[in-house]
Structure formats: C-alpha cells, structure tokens
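Work through the exercises below with the sequence and the 3D structure at hand. Each task is followed by a solution in steps.

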Amino acid sequence: MNLIDETLKDTPKIPVQKYTPKDFQSDQDVRWCPGCGDYSILAQVQRVLPELNIPKHDIVFVSGIGCSSRFPYYMDTYGFHGIHGRAAAIASGLKVARPELSVWVATGDGDGLSIGGNHFIHLCRRNIDIKIILFNNQIYGLTKGQYSPTSEFGKVTKSSPYGSPDHPFNPLLVALGAEASFVARGLDRDPKLLQTIIRRAAEHKGTAFMEMYQNCNVFNDGAFDLFTDKETKDDNVIVLENGKPMIFGKEKDKGLKLEGFTPVAISLKDGKHTVDDLIVHNEKNTMLSFILARMTNLPNLPRPVGVLYAVERPTYEHEVTKQIESSINKQGIGTLEKLLAHGETWIIK
C-alpha cells in the first residue's frame, strides 16, 4: 500500500454516479466571441468526460491567461485559473501531491509556448500524468491580435505591421522533442475527431499533449480554412489511424510514401503506385512521429491530424511515490522538527 492509499484508506468511498454532458456544464455564461472555435472544444470535452466514469470531484482543470484559459469557469469540476504561462507548473505540483486526481491543462499558443514554454517542456520531459489541451489559433486573441509563437513568418498584425520576422514554433515537434509520451492534433470543426483524441488522451497514462487548431474569427479568421472547409479538407488533411496505410483525398486516391526519411504524396490512380507502397501508421515509431510532425512545415503535403505518437513509460509521480516509500522503509516516517534540526545548524547573531 503506497502513501496515497494509506492516507485515503479511511476515507468513505463515494459511488461514481452516471454523468451526462450537462453535468459538466457550469452555471457561468460562456463569454467567448460568437463563432469562436473554443465552443467546440469545450463541448467535446464535456461529451467525453461522462464516458470516463471519473467522479467530478476528482477532476481538475488548470489554466493560465488567455481566451482559452477561461475554460475552468465553464466546467462544473474543480478548477484553477492561474497566472500567465504557469498552468503547467501549477498542474505539475497538484498531480504530484494528489496523483489520484485527473488533472487537465487548458492553454493557448501564447500562454503555453511563450511565457509558459519552459514549464511546458519540463512537464513533457517528466511524463507527469496530465492532459494538455493547447488551443492554437496562431494569434494573441485576448489582447486583440498580436502575433504569437505559432504565427506564420511574415504575419501582419498590430504588433508586426511590416510582417512578423519570427519563424513559428511547431507545437508537435516541441512536444515530441521534450519527450511527451502522447502527441496528437485535432480540428475544432471536426467534433468526432476531437472526441476520439480527448478520449485517447484521457486514457493515456502519462503526459498527453493535444494541439487543437482553433479559429479566432475576430483576429485571425480563416487561419485553418484549408484544413477545415469541406471543399478543401479532404485533399489537404490526412487522418492518422494506427496500423492503417496513409490515404487521403476526396476520392481516397492519394497517399503518402517515404523516400528515405522524406514523405512524398503520390497518386493511387496513375498506375505507378498501389496501397502497398504507402506508409503504415505506427503510433509507437518515434522517427515516424517526427517525420509526420515536420510535415506541418512542408508545402504540397497534407496536414496530419489524429494521434501521431503514443507510448507507455513510467510517470514522474509514480517514481516520486516509490522513492518516498523506499525512504520511509529505510528511515521511518520523519517529522518537520527532525528535518529542521538535522545536520549542521547555525545561530545567526
């Protein structure tokens, strides 16, 4: 029995009741702009949570600052609206102290990858069992339209009237490079895909990173139209399915093959290629996950969505708990008085 189990053994068990999406809706008025992509992401989270059979009092949403960071207000769960960029740090401390909780982070591309970038990469590196939803609209929306870490090179905004001189972060590559054990991308206008990704992330044991393309219809309207519009989506998006060949196109007549480490889009009706030539998706293949994430920056290739990478490895909180138990077994339970009085002490006069 570990420390957490020991602490909770006398706590009365509360039966898990059956929830509906409405049970996760708070009584707060949602104050995002009409038409904002945040509404869809919120709705899909509220639809998936009842399936998980987790008591509401064991769920916590943590946020920083930004439009997306109002998320905890709209969830009828525990929530913590932190300061700018610190959601990952707050959530990390909470999860390590209370590993039995289901801890989620709602953050934006500015909040999570600019001021919060350092906390974000170390959360991924440690593999703390936290679910991160990054709302990526490629703009600072709450502060009315400055370019963000994911805005494209040359982006003209109020803070870059002659075009942004920055090259953007690729959130998927950042998460993979920081050793996140689950990495996925969704689209706000594809609710079924969002639900699949959220469900998979919730079931994953470890840091689960979800980049959500989210339209800011006031300050960056249409940034992802190519990937969400029903007339263009099929030819510009590839939906990843583990164990299946990578096929895309409105008529399912295109695919991806590898030439060395370079992905190439090919036709399946030119008589030169067959399905056997295509890449078969493998969520556990680290090299393939980097190749897929890199496609975001390459022209003439479809944008991958779905789960790019999912592997199991020990979580940080598990290792911490194991270490504490080992120390207690060797040295007994300590006290604050013993801690303060042990070793060398000084008297300051």
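The model is predicted.

**Exercise 1.** Find how strand E3 and strand E4 pair, and place them in their sheet.

Solution.
- Step 1: Strand E3 covers residues 102-108 and strand E4 covers residues 130-136.
- Step 2: Six bridges join E3 and E4, and the sense is parallel.
- Step 3: One residue to look at is Ala106, whose bridge partner in E4 is Ile133.
- Step 4: The open sheet has eight strands in the order E2-E1-E3-E4-E6-E5-E11-E7, with mixed pairing.
- Step 5: Strand E2 (78-81) and strand E7 (237-239) are the edges, each pairing on one side only.
- Step 6: On average, neighbouring strands of this sheet are turned by 20 degrees against each other, direction ignored.

**Exercise 2.** Which strands does helix H2 lie across?

Solution.
- Step 1: Locate helix H2 at residues 38-48.
- Step 2: Helix H2 lies across strand E1 (59-63), E4 and strand E6 (208-213).
- Step 3: Relative to E4, helix H2 runs at about 160 degrees.

**Exercise 3.** Is Gln138 buried or exposed?

Solution.
- Step 1: Gln138 sits in the loop between E4 and helix H6 (171-177).
- Step 2: Its relative accessible area is 15%. Buried means under 20%, so Gln138 is buried.
- Step 3: Leaving aside neighbours within four places in sequence, the contacts of Gln138 include Asp109, Ser148, Asn220 and Phe224.

**Exercise 4.** Is Leu339 buried or exposed?

Solution.
- Step 1: Leu339 belongs to helix H12 (residues 336-341).
- Step 2: Its relative accessible area is 53%. Exposed means over 50%, so Leu339 is exposed.
- Step 3: Together with Leu336 and Leu340, Leu339 makes a nonpolar surface patch of about 350 Å².

Methods: Residues are numbered from 1 along each chain as its sequence is written. This is a predicted model: local features need pLDDT of at least 70, side-chain atom pairs count only at pLDDT 80 or more; totals for chains, interfaces and linings use all residues. Side-chain values use heavy atoms; hydrogens and water are left out. Two strands pair if DSSP finds at least two bridges between them. Helices (H or I, at least four residues) and strands (E, at least two) are DSSP runs, numbered from the N terminus. Axes are lines fitted to C-alpha atoms, for helices over the stretch in contact, and angles run from 0 to 180 degrees between N-to-C directions. Contact means heavy atoms within 4.5 Å. Patches are made of residues with over 30% relative accessible area and no salt bridge: like charges are joined within 9 Å, nonpolar side chains (Val, Leu, Ile, Met, Phe, Trp, Tyr) within 5 Å. Accessible areas come from the Shrake-Rupley method with a 1.4 Å probe; for residues, only the protein chains shown count as cover. A salt bridge is a side-chain nitrogen of Lys or Arg within 4 Å of a carboxyl oxygen of Asp or Glu. Buried means under 20% relative accessible area, exposed over 50%, partly exposed in between (1.4 Å probe, protein chains only).
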